[in-house]
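Could you walk me through this assembly, one interface at a time? I would like to see how the pieces meet before looking at individual contacts.

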Amino acid sequence: MSVGAQIQRLRKQYPESTSAVLPALRLAQEEHGGWLPPEALREVAEALDLTPAHCLSIASFYDQFRLEPMGRTVIEVCTNVSCALSGAQQVVEAFERELGIDAGSTSEDGAFTLGSVECLGGCGWATVVAVDNRHRLRVQAADVPGIVEELRA
Amino acid sequence: MSELVAVTIDDRPVEVPKGTGLVEAAQAAGVEIPVFCYEPRLGPPVGACRMCLIEIEGMPKLQAGCTLTATDGMVIHTAATSAKAAEGQEATLEFILVNHPLDCPVCDKGGECPLQDLAFRYGPGNTRMTLPKLTVDKPIPVSPLIALDRERCILCYRCTRFSEDVAEDGQLIARNRGARTEIATFEDEAYRSPFSGNVIELCPVGALTSTLYRFAARPWDIQNVPTICTACPVGCNVSATIREGKVKRILSRNHPEIDRGWLCDKGRFSYPHLRAEDRITTPLRRGKKGLEEITWDDALDSAEEMLRNAGGAIVTALSGSETTEIAYALGRLLRGGHGAHSAVMPEATSTALEAFHLPLSAIGDAEIIVVVGDDPVVERAPIVDLWIKEARRHGAEIVVCSPAGDLATEPGGAAARCQELATPRDALGKKLRAAERAVLIWSGPGGGGGARLAELAHELGLEEKAGSGAFHLPATANALGAAAAWAASADADEANPEPIELLIVSGDEAAADPSVRALAEEAKRVIVLTMFHELAAGWADLILPSTAALERDGTTMNLEGRVQRLRRAVPPPCPDELAWIAKLAARFDVELASEAPGVFEELAGHLFRDLALDDLGLHAPLPARQTYETPAPSSSLPAASPAASLETEDGALRLQRFRALFSGPAVERVAQLDFQRPDAEVELATAEAERRGITSGDAVFVRSNGTSVELRARVNRKLIEGVARIADEHASDLHAVVEVVKA
Amino acid sequence: MPERPQIVFAGTNGGALTQFEDYAAVGGFAPLRKARSMAPDDVIAELESSGLRGRGGAFFPTGRKWAFVPKPDQLAKPHYLVVNADESEPGTFKDREIMLRVPFRFLEGCLIAAHAISSQHVFVYIRGEYEQEFEVLRESLEAMRKADLLGGVTVVIHRGAGAYICGEETALLESLEGKRGQPRTKPPFPAIAGLYAAPTAVNNVESITTVTSVLELGATEYAKLGVENSTGTRVFSLSGDVVNPGNYELPHGITLRELIYDVGGGVPGGRELKAIIPGGSSTSILTGADIDTPLDFTSLVQAGSSIGSAGVIVIDERCCMVQLGIRVSQFYEHESCGKCTPCRVGTRWLTQILQKIEGGRASQPDLDLLLSVCDRIMGKCLCPLGDSDAIAVLSYVDRFRDEYQAHIDLGRCPFDGESSLEGILAPSAMHESPAHGIARV
Ligand SMILES: Cc1cc2nc3c(=O)[nH]c(=O)nc-3n(C[C@H](O)[C@H](O)[C@H](O)COP(=O)(O)O)c2cc1C
Ligand code: SF4
Ligand code: FES
C-alpha cells in the first residue's frame, strides 16, 4: 500500500483528520529510511490536505522526527540525571570510541548515528540506551564493545 | 446590549460589557496594558509573550491580562499600581531583549516600533545579559517582498498565526522548538500568498520588513495620506506613506466593516507602477514619424478637433478604474457636449442589489454563504475571501458553486444555479431561507451585474433579514461608480454609431482589453487616456497621459455600494484629468468644475441624494438599503439557460479562463510581484488527466485552431470534467474549445 | 521492611498479567461490569470518597476532575477521555511498568472512566519512545475488543514523537489535534473545552489504573491505605545512587528512609547520602538530613518540596550540585516549547549562568543574577515547565549554597573533575556550537 493510502486509513481513526499528522509523519519517516526528506513532508501534506510547511512545523517540534539523514542504526544514550549518575557519560564515550565518531554525528559509511537523549523513562534501569527506539537497559561502558559488535554483525 | 460588569483598573472604576477583554477594559479606563502577541484579529489570545502580566486581586499569581475577560467586581492592577506586576513586566522585557540586537538606528521599524517604545517606557535601561546572544544569518528573504531578520524576532507568533489562522495559507511557520524556534517557510521557498504583506504590519518589531520599503525612509520624515485602494472592488482603506513627493509604502487603515486592517499584496505592493519606465507624462500624437510628444495645449487642440470632426459618432470605452468624478466629467463632456451617448462599459452593473446592502464584515458572522460564479473569490475581491474564511472558522456552512467548487457547476452555470436555488424544494435553497444570516455572492461574469443574484435574494426573502445580504463582485474597482456617473451625466438613450468616427479609451484596463482593441480597428480615430506607453503606442492617434489612483482626488463606489473618498497622496507628473476635461469641456460650452469636490457636489445631486463629501469622513458609512423593485419583464437580464453547452468533439475541453488577481498593467510593472503572478499551468480534473496519461507537473500542449501553448499540468481534484482552466495571461489566443496533450 | 499492599500491581506476584485469561482469573473486568451497572455520577462519587488524587504530578482529586466535565445534556458535544501516558519527567518510569505488567487493569480503568464522564472516545497518548509498551497495549486492547468488552467505546492509542512538554495536559491536547505541542492558556479548562474544544478529562496512567482497583475494593477499603490527604498506594520510581533501583508500590506516608534504605538497599559502596529529589526533576531537592520525611503530599510540602510524580532520585556525595543544576536546566531548556518568553529565554539563560559558575568564571553578582533570573521566570510563564527549572535550581542553591559559593570563591569546581556528573553530554549541547556559549558540562 502506498504511503498516501496508509495515511488515508490512519485518518479514519480520528474525529478530525489533522490528528493523523503525527502517525502519518512516523509512517513516512519509516518509509523514507529513518528521516523526513522534503518529499516525505510533501507526501504527508498531500495526503492530509495540509501544506508541506505546516508538516515541517510539526515535524521539527518533535525530537523523534529527523530532518536530516540518519545512520542505518541509531544509537541514543540517555544522559539525564539518573542515567548520568550511573555512568551514562562513560557509556557515551565508549560508543564514541567503538564507533569512531563523536556523539551528535553519523559515521561516514552511514552505518551509525550516535547521540545523547533526554530521559527515556527507564531511570531505574540505568543506563538506558535506545537502539533504533528499542531500549537496552542497565548498559555499562564495558558492555558497549559487545553491543557494537552485535550491531555490526 | 449585553450585560455590563464593573471592574476597577489601577483604582479607576469602569463598566464594560461582560466578556470584554481586559486589554480593552483597561483602555476604557484610560489605562494601558502593554502587549506584543495580543492581536484580536488573529483569533483567540495565545498568552505567549507575557508582556501583559497584571495582578488581579484574589489571584495569587500574575496573570496574562490579554487572555482574560472582565468579570463583575474584578480588581486589576497594572505595573502602575502593583510592584509585582511591574516586576513581571520588567522581567518579560528583559527576557525579550536578551537576544534582541541593538540595531535600532539601522532598523526600518525604528521610531514606530512597539518594542522600542515599551523598552523605553518600562525597560531596565541596561542589560544584565553578558553571555553570548543567539546569533543567526540576517536578514534573509522570505519572499521577493519580505525580508526576515531572525535576530530581531521576539517570537510573538503573530505572523505565523496570521498565515495559519487568517489567510489560512499554511506557508509561514515556526520551525524547531524552544530557544531554537524560528520563523521559516518550507525549504526556504517564497512566502506566496495573496495576503503575505500583512505580516509586515503585524510584526511588532523590525523582524519582518518590506523589501520595497527597506531603508526608504525614517518615520519622522514621512507623511501618511489616508486614501482608498483601487486594485479591486473591495476598496480597502489605506494610508500612503509619502516622502519627498513619492509613495514609499502602502499601509492598511483599518475600516472594520470593510477590510479589518488587512490588505492584499496587489494593493500593498503595486505602487511602484507609478514610476514605471514606460509611464507617459507628456501627450503624444501620431504624426508622420509615428508618435510625437506634443504640448498639452496642442493636445487639447487636437482633441477638440477630433471631437468636432466626429460629429457625434463617438464611442467611449470606460475602464471602471476612473473615479466617479472622472467618469461623470467625461460623460458631461461627451454626452452633454456631443451627444455621444454610446459607451462600452467594463462590465454590467445593476442597482438591484441595493436592497440587500450589508457591510462586508457581516459575511464573517454569516451562518451560511453560497458563492456562485466561475471565478474564485480571491481573484476578484481578495478581502471577501478572508471574510468567508472567518465565517467558516466560526462554523458557517460555505458552499461554492463553481467549476472547482463544493457543488460542481458548469462554467457559465451560475444563473441556472440561482434558478435552482430559488425553487422551493432545493435543499440548499431551503437552508438559505431558514437561516437568519445568509449571504449570497456572485463571483464571475454574467448575471447582469448582480441583477440575477438580487432576484434570487429577493426570492429567498433576504431583504427582510438584517444579517443577510447579497454581493456581486465586479471585475473593476469602480464599475458601480463609473456606470452610475456615466448614466447620470445625461438623459438620453445610447445609439450605436456606424461607422465609429472616434473611439475614446479611458484608462488602462480598457486599453488592455482585446474587445476594445477590436473596436479600435473599426474606429477612424482613437484617443487613449493611459499611464503607460506600451498600452496605446501601436494604435492610438492621440495619447493623453493619465494619473494613478494615488494621485487622484475623488470618490469610488465599492462592491458594497459604499462611496469612499480618494485623497491625492502625491502630485501627478501630468495634469489631473478633471483639470483638462474641464478646459476641453469649456470649449464646447459645457461648464464643469476642475476639481473633484466641485464635480462631486454636482453629481451627488443626481446620484447620492445630496451626500456631502464631508459625510464620507475617514471611514465611510454604508448607504441604507433600498426597496427591491422587481425588474420589468423586458429587462435586459440574460436568460438563465443552462450554460450554453458548446459542441465539443471527443477529447476536447472547454477553456475556462480567469483573470488572476496578480495581473494587469500595474502588477506587470512591479518586478517584485512577478512571483505572485499565476503559474503557467493548466488545471485538469483527475479523470481528464488520467485519460490523457498526464500527472501534475507534466508539460502539456494546449491547442485550438492552430494556436498552441506549452503549459504545466496541474491536477485539481475538485475541478469538474470537460474543462481546462487557465489564467488569462497564459491562455493568450486560445479559443473556447481546446485540446490538451502531453508534450 | 514496610508493609507492601499491592493495589495497582495486585495479582502479579512480581510478574505480569498480560494474558487476558490470567487477568480475568484474578477478578479482572468485574470492576468494569460493576461500574457499568452504576450511574455515572455514582462512579464519580465513589472516586471522590476514595480520596484518589492524580498521579501525574498535580495531585488533583480524580473524582472532582470528572465532576467538572459537563453532563451530556448540559453540553451536547462528544466527550473525550484522554489518558496521559507521555511519562517523561526525569526520574519517573512507573507508568511504563504499569502498562507492561497490568495493561488490562489500565485499559479497564479507561473504560470505567469513560463511563463516568459519559464518553465514547478514549485516546491514550503514549510517548513515542515507548515502543514495547505501545505494542502490549495494542494487543491487550485487541483482546478486549474480541471479548466484546469495549461496549461501543473507541479506544485509540496515539503515539507521541519525543517532546516532554506533551505531558502537560493542554500541550498534549494540541499535539493530539496534530499541532505543535504547545500549552494553551487556561481558562478554558479541558473539562469544558479540551480535545477539539469539547469536554475532556485528562488523567495519568497510574490514576486510571488505580480507578479499577478503587471500584474493586470499594472506596472505603481503598481509603484505609495511605495517610490522610494522600490515600492509597503509590508506585514510587527509585533511581540514582541506590543499590536496588526500580518501581515499588508502597502506601503513601512511608518515609524516604524506608524507601531508600529498607526497600532500596541504601547508597552503594557505603557512600554518604547527599541529596534526594523526591518527585521527579521538577521538584525541590531535599538534603540527606530530610531522610525521615514521609512520602505524602502534606509532609513533602512541609519539607519544602512536593510529591510530584513520585520519582525519587537519590544522589550521593560524589555529585557537584552546580553540575546537577546545569544538567537539569539543560533538560528544561531542551524541552521548552518556545511559546512563552520567560521559559524560552530564561531556561537557556540559567544554563549559561550555571556553566559560567561551574567553569570558575563567575563572580558574586553572577550568583545573584542566577537567583534573580529564577525569580523572573517563576510565576510568569504560560505553563509550569519554566517554573520547574527555576524551582529546581533555586532549591539547589538554597540547600547547597556553600557549594555554589565555593565555585565562586575558588574560581573552579571543588570536585576537580571527580564529580559523578562530570562531562555529561546533554542533547541541548549537541545542537549548539561553542560560539553560542554552551558546551559540555
Ligand atoms: C511540564 C509538564 C509535564 C507533565 N508531564 C506529565 C506526564 O508525563 N505524565 C502525566 O501523567 N502528567 C504530566 N503532567 C501533569 C499533567 O499536566 C496533568 O496534570 C496530568 O496528566 C493529570 O492527570 P492526573 O490528574 O491523573 O494526575 C505534566 C505537567 C507539566 C506541567
Ligand atoms: S517575525 Fe515578527 S511577527 Fe513573526 S514571531 Fe517574530 S516578532 Fe512576531
Ligand atoms: S500580550 Fe498577553 S501574553 Fe502577549
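What follows goes through the domains of one chain, then its contacts with its partners, then a ligand site. Keep in mind along the way that this is a predicted model.

Let's begin inside chain C. The domain assignment splits chain C into domain 1 (20-223), domain 2 (227-316) and domain 3 (321-410). Take the pair formed by domain 1 and domain 2 of chain C: their C-alpha centres are 26 Å apart. At their interface, 20 residues of domain 1 of chain C are in contact with 24 residues of domain 2 of chain C. About 1,600 Å² is buried between these two domains of chain C, and carbon and sulfur atoms give 50% of that area. On the domain 1 side, Arg55(C), Phe59(C) and Phe93(C) stand out, since they supply 30% of the area that domain 1 of chain C buries against domain 2 of chain C, more than any other three residues.

What about the polar side of this domain interface? Between domain 1 and domain 2 of chain C there are zero salt bridges, but 15 residue pairs are in polar contact, with both residues at pLDDT 80 or more. Two helices of chain C, H5 (94-101) and H11 (219-224), each bring at least two residues to the side of domain 1 that touches domain 2. Of the elements on that side, H5(C) gives the most, with three residues. Sorted by class, this side of domain 1 of chain C holds eight nonpolar, six polar and six charged residues.

Now step outward to chain A. Here 66 residues of chain C are in contact with 46 residues of chain A. The two chains, C and A, bury about 4,200 Å² between them, with 54% of it on carbon and sulfur atoms. From the chain C side, Ala161(C), Arg180(C) and Tyr196(C) supply 14% of the area buried against chain A, more than any other three residues.

How many salt bridges link chain C and chain A? The count is three. A salt bridge joins the side chains of Glu131(C) and Arg134(A), at 3.5 Å from N to O. Polar contacts between chain C and chain A come to 28 residue pairs, both residues at pLDDT 80 or more. Helix H14 (residues 321-335) of chain C provides the largest share of the side of chain C that touches chain A, seven residues. That side of chain C is made of 29 nonpolar, 20 polar and 17 charged residues.

Chain B is the next partner to visit. In this interface, 40 residues of chain B are in contact with 38 residues of chain C. About 3,200 Å² is buried between chain B and chain C, and 54% of this area lies on carbon and sulfur atoms. Within chain B, the residues that lose the most area to chain C are Phe95(B), Arg128(B) and Arg177(B), together 24% of what that side buries.

Charged pairs appear here too: four salt bridges are found across the interface of chain B and chain C. The side chains of Arg376(C) and Glu90(B) form a salt bridge at 3.0 Å, N to O. Polar contacts between chain B and chain C number 18 residue pairs, again with both at pLDDT 80 or more. Helix H2 (83-98) and strand E8 (173-175) of chain B each contribute at least two residues to the side that touches chain C. H2(B) gives the most to that side, with nine residues. By class, the side of chain B facing chain C has 20 nonpolar, ten polar and ten charged residues.

It helps to place chain B in its own layout as well. Its domain assignment gives domain 1 (4-96), domain 2 (131-275), domain 3 (284-345 + 480-611), domain 4 (351-472) and domain 5 (646-742). The C-alpha centres of domain 1 and domain 5 of chain B are 53 Å apart.

Finally, let's return to chain C for ligand 1. Which residues come nearest to ligand 1? Of the 17 residues around ligand 1, these are Gly56(C), Lys65(C), Asn84(C), Asn204(C) and Ser207(C). Backbone atoms join in too. A polar backbone atom of Arg55(C) is 3.2 Å from an oxygen atom of ligand 1. For Glu87(C), a polar backbone atom is 3.3 Å from an oxygen atom of ligand 1, and for Glu169(C) the corresponding distance is 3.1 Å. Arg55(C) thus turns up at ligand 1 and also among the three residues named for the interface of domain 1 and domain 2 of chain C.

Technical notes:
Residues numbered from 1 in each chain as written. Chains lettered and ligands numbered in written order. Predicted model: local features only at pLDDT ≥ 70, side-chain atom pairs only at ≥ 80, totals over all residues. Heavy atoms only, no water. Domains from an automatic or database assignment. Contact = heavy atoms within 4.5 Å. Buried area = accessible area lost by both parts, 1.4 Å probe. Polar contact = N/O pair within 3.5 Å; in protein donor to acceptor, adjacent residues only side chain to side chain. Helix = DSSP H or I, 4+ residues; strand = E, 2+ residues; numbered from the N terminus. Nonpolar A, V, L, I, M, F, W, Y, C, P; charged D, E, K, R; others polar. Near = heavy atom within 4 Å.
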